[in-house]
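Reader: Hi! Could you walk me through this one?
Author: Happy to, let's look at it together.

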Amino acid sequence: MKKSSFAFVCFALSMLQLGRADAGVLHFDDVTADAEAAIADGYAGLNWTNFWVQNPQLGQVANFDSGFYHGVVSADYGAFNADGGPAGIWSNSLFDFRSGYFASASRWGMQITANGYRDGNLLYQQQLLVNTDAAQFFSLNFVGIDSLEFVASGGEEYLGAGFHFTLDNADIAAPVPLPAAVWLFGSALAGLLGLQRRKG
């Protein structure tokens, strides 16, 4: 293969590598500037079910002992499960949920059950015991899943009866869709390789 062809192949392959990247650590501070809002599908390349974000300062949450305050690890916003119900993350592509900081908004000793699925099959399950006074770090390492569900239960009423939990600094690895230009490079690469074979 000529040097120019080899250089083109290397460049095209490097462009294809751009198609996979980490969603990274999500701080949830770029979802909204309002006091609270639902996390829309597509945020960080994922789909979100019953997850909202909240800035407890803007929302004027009455009780400063609440996990809504203590659950915010970085900057001003944290995610939470609306109405205290099950909340989830899913994608048409596989992703990894590595870790995150969790807290209970109002119940002491509340349990969060994290379930990781692939094609409807339960691959991982982990129990997270949380309180209201601090965000706790949990390493889940759910690898190669397409759906993740969090269900809160138990605990004692401390500041309220709801089963709300908070999530911040979620470390997620997920595929990023390839831009059209990269697909063109891939097509050109395939054509070039075919041409080289015919010449050989």
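Reader: Thanks! How much area does the chain expose, and what share do carbon and sulfur atoms supply?
Author: The chain exposes about 10200 Å², and carbon and sulfur atoms supply 55% of that. Keep in mind that this is a predicted model.

Reader: Noted. What percentage of the residues is buried?
Author: Of the 200 residues in the chain, 42% are buried.

Reader: And how many helices and strands are there?
Author: The chain has three helices and 12 strands.

Reader: Which residues have the most contacts inside the largest nonpolar core?
Author: That core has 32 residues, and the ones with the most contacts inside it are Phe 28, Trp 48, Phe 51, Phe 97, Phe 102 and Phe 150. Several strands give two or more residues to this core, including S6 (87-104) and S12 (165-175).

Reader: Which strand gives the most?
Author: S10 does, with seven residues.

Reader: Is there another core, and which residues are in it?
Author: Another core, of five residues, lies apart from the largest one; Val 61, Phe 68, Tyr 69 and Phe 80 are among them.

Reader: Switching to aromatics: how many pairs are there?
Author: The count comes to 15 aromatic pairs. Take Phe 97 and Phe 150: their ring centres are 5.8 Å apart and their planes are at 65 degrees, so the pair is edge-to-face.

Reader: Where do those two sit in the chain?
Author: Phe 97 is in strand S6 and Phe 150 in strand S10, 53 residues apart, so to speak linking distant parts of the chain. Both are buried.

Key: Residues are numbered from 1 along each chain as its sequence is written. This is a predicted model: local features need pLDDT of at least 70, side-chain atom pairs count only at pLDDT 80 or more; totals for chains, interfaces and linings use all residues. Side-chain values use heavy atoms; hydrogens and water are left out. A nonpolar core is a set of buried Ala, Val, Leu, Ile, Met, Phe, Trp, Tyr and Cys residues joined through side-chain atoms within 4.5 Å. Buried means under 20% relative accessible area, exposed over 50%, partly exposed in between (1.4 Å probe, protein chains only). Helices (H or I, at least four residues) and strands (E, at least two) are DSSP runs, numbered from the N terminus. Accessible areas come from the Shrake-Rupley method with a 1.4 Å probe; for residues, only the protein chains shown count as cover. Rings of Phe, Tyr and Trp (its six-membered ring) pair if their centres lie within 6.5 Å; planes under 30 degrees apart count as stacked, over 60 as edge-to-face and the rest as tilted.
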